[in-house]
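Some notes on this model follow, set out as numbered points. Please read them with the structure open.

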Amino acid sequence: METEGRADEGSSSQRDPPQNTGSYDFSLTPQDSRPTEDSQPAEKSVSIEEPIVVDRKAIEKLTEGLLSHYLPDLYSSKQALLELNQNQVILLDTLDQEVTKFRDCNSLLDLNSLFTEAKFYHGKLVNIRKDMIMLHEKTTKLKKRALKLQQQRQKEAMEKEQQRQKELERERQLIAKPAKRT
């Protein structure tokens, strides 16, 4: 039965766990310590298998020794991995903040271009305002001049009318009047 299990062992990497019969009897056979077929060709000979009996205390001590040898390294590795994980979380948060800063910088660049454009159009508006003030002053001057010219023409027209009236009056006075016969 044990030889059949060993023969199957080469094709399968899993072995059925030993049945618990009350005592822990872990036995090694000389076949377990033989070289594999890949490493050296073995002579075909029939060997006698003798089980090696290992004491339970020895197994516990070996287990404790194995655990005491590897557990500190495993705990320190676990702590290093936890610290690495925390550092990665911090790094991700920092990267998020940096990405946010870059987005803000890009929006600031957009704002800067908007302010530059606003400054340009403000300059245009200031120039238009100056032009409008200048045009308003010119139109005001032209209106005053037109009013003066109109007043002057009216004055001249009145003077001509008065002159004509005087001439008409004078002509009337100059016209001889027939004398009354008495």
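1. Phe120 has a relative accessible area of 48%. Because that value falls between the 20% and 50% limits, Phe120 counts as partly exposed. Tyr121, at 43%, is partly exposed as well. Bear in mind that this is a predicted model.

2. How many aromatic pairs are there? The count comes to one. The pair consists of Phe120 and Tyr121, whose ring centres lie 5.2 Å apart. Their planes meet at 70°, so the pair is edge-to-face; the cut-off for that class is over 60 degrees.

3. A nonpolar patch on the surface is formed by Leu108, Leu111, Leu114 and Phe115. Together these residues have about 410 Å² of accessible area. One of them, Leu111, sits in helix α2, which covers residues 56-174. Leu111 counts as partly exposed because its relative accessibility is 39%.

4. Where in the chain is confidence lowest, and where is it highest? The low end is helix α1 (residues 2-9), with a mean pLDDT of 41. The high end is α2, with a mean of 93. For the chain, the average is 79, and 73% of the residues score at least 70.

5. Residues 1-39 call for a separate remark on confidence. Over this stretch pLDDT stays under 50. The model nevertheless has 28 contacts for these residues beyond four places in sequence.

Technical notes
Residues numbered from 1 in each chain as written. Predicted model: local features only at pLDDT ≥ 70, side-chain atom pairs only at ≥ 80, totals over all residues. Heavy atoms only, no water. Patch = residues over 30% accessible without salt bridge, like charges linked within 9 Å, V, L, I, M, F, W, Y side chains within 5 Å. Areas by Shrake-Rupley, 256 points an atom, 1.4 Å probe, with all protein chains shown as cover. Salt bridge = Lys/Arg side-chain N within 4 Å of Asp/Glu carboxyl O. Helix = DSSP H or I, 4+ residues; strand = E, 2+ residues; numbered from the N terminus. Buried < 20%, exposed > 50% of the residue type's maximum accessible area, 1.4 Å probe, protein only. Phe/Tyr/Trp six-rings, centres within 6.5 Å; stacked < 30°, edge-to-face > 60°. pLDDT = per-residue confidence, 0-100. Contact = heavy atoms within 4.5 Å.
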